Amino acid sequence: MTQLSDRVLNMATSATLAMAAKARELKAEGKDIIGLSLGEPDFNTPDFIKDAAIQAVNDNYNSYTPVDGYVELKDAIITKFKRDNNLSYKHSQIVVSTGAKQSLANIAAVLLNKGDEVILPCPYWVSYSDIVKLNEGVPVEVNTSIENDFKLTPQQLEAAITPKTKMIWYSSPCNPSGSVYSKEELRALADVLQKYPNIIVVSDEIYEHINFIGGHASMAQFDDMFDRTVTVNGVSKAFAMTGWRIGYIGAPEKIARACNKMQGQITSGANCIAQRAVITALNASPSRVQFMVDEFKVRRELILGLLSDIEGFKTNVPEGAFYVFPDVSHFFGKTFKGQKIDNATDFSLYLLEHANVATVTGIAFGNPDCIRISYAASQEQIIEAIKRIKEALS
């Protein structure tokens, strides 16, 4: 009998992918499932980007790419960082990967030793904890509150730091909460970190352009944090390019070179056609995808209004991304249609079975009281989904 490694046996399955797979399975059985579980824009990749990919095919781009990305793509990333974030990186500080998830996996692999601690403000993106554990690190989960818009405070950060702390990972705008750290809030966290110069910050900014408050702040914008911050980004969300699988980092040169070395032994360079398309995407003005952001904002207002009519849902106003993260603990301990709800996982499964709506348990994001609902769906689907949820809980 094949004996699997402890590594994979101890690894959790991605809850977002698992729920999406379950929803697809039920759809295949003929059930009318509305999927609000995946973090994927429901728009098509813009035509000007697709045209660039077609041109790359016709230009016979079909060979292995440099491990850390085409020079022309690095040029575009450097331009983007300077234009959008006022960050100045060199070619040697940029590494292109097969999605931002690989970027994060590279970072963990090259920086973590056994027992090193990584601070994760909760809620956090579903894969952070397992990526850390896979690389023998220790996730240190720090609970935040809906009353504080799920943001880490300087006091909480200070209390979580120990002699074993190696990094802090966070996303802004945040998946799953939609929270956005302001420049002032990041500065307050940076002031704490000044006391601990060996701690590396990993700033996941994949939702950067899906921001409803105007102005995106990066930890690396502070001169005293630039040399200890890894900025992670990509094109999946803002450009509706999830399946193209291109992510990238801007990092201190030592870390970037290590990620390049690691990636060279795992996947080598990212897809050649996708890279050529991303050059065009990043060289374009963000205004070319503003129509998506405008529509997400309309949907945010729609779903918040509909959820406010359901007794027991506690919501805040997300400032970015395309999720709401309501507290549903009001329903814990209750029984609906013979099914007792003890936690957020039970609640999500109940909605899937009795409302035919797929959401994701907050437990997967480090918060046991909430569920994540994606509004990357049409307004009609959102209206119908929330109607079903209300009826299932009435």
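In which sense do strand 3 (residues 117-122) and strand 5 pair, and over how many bridges? They pair in the parallel sense, over three bridges. The model is predicted. This briefing covers the sheet, strand 5 and helix 8.

**The sheet**
- Seven strands make up an open sheet, and its pairing is mixed.
- The strand order is 2-8-7-6-5-3-4.
- Strand 2 (94-97) and strand 4 (138-143) are the edge strands; each has a single partner strand, so one side of each lacks a neighbour in the sheet.
- On average, neighbouring strands of this sheet are turned by 20 degrees against each other, direction ignored.

**Strand 5 and its partners**
- Strand 5 is mostly covered, with six of its seven residues buried.
- Towards strand 3, Thr165 of strand 5 is the bridge partner of Glu117.
- Strand 5 and strand 6 run parallel and are joined by five bridges.
- Ile168 stands opposite Val201 in strand 6.
- Tyr170 has Ser203 of strand 6 as its bridge partner.
- From strand 5 the chain crosses through helix 8 to strand 6, a right-handed β-α-β crossover.

**Helix 8**
- Helix 8 spans residues 183-193.
- Its buried residues are Leu186, Leu189, Ala190, Val192 and Leu193.
- Seen down the axis of helix 8, these buried residues fall within an arc of 155 degrees, so they line one face of the helix.
- The cover over the buried residues of helix 8 includes helix 7 (154-160), strand 5 (165-171) and strand 6 (200-204).
- Strands 5 and 6 thus appear twice: they help cover helix 8, and the chain passes from strand 5 to strand 6 through that helix.

Definitions and conventions:
Residues numbered from 1 in each chain as written. Predicted model: local features only at pLDDT ≥ 70, side-chain atom pairs only at ≥ 80, totals over all residues. Heavy atoms only, no water. Buried < 20%, exposed > 50% of the residue type's maximum accessible area, 1.4 Å probe, protein only. Helix = DSSP H or I, 4+ residues; strand = E, 2+ residues; numbered from the N terminus. Arc of directions from axis to C-beta. Contact = heavy atoms within 4.5 Å. Pairing = 2+ DSSP bridges. Axes fitted to C-alpha atoms, helices over the stretch in contact; angles between N-to-C directions. Right-handed = clockwise from strand over helix to strand, strands pointing away.
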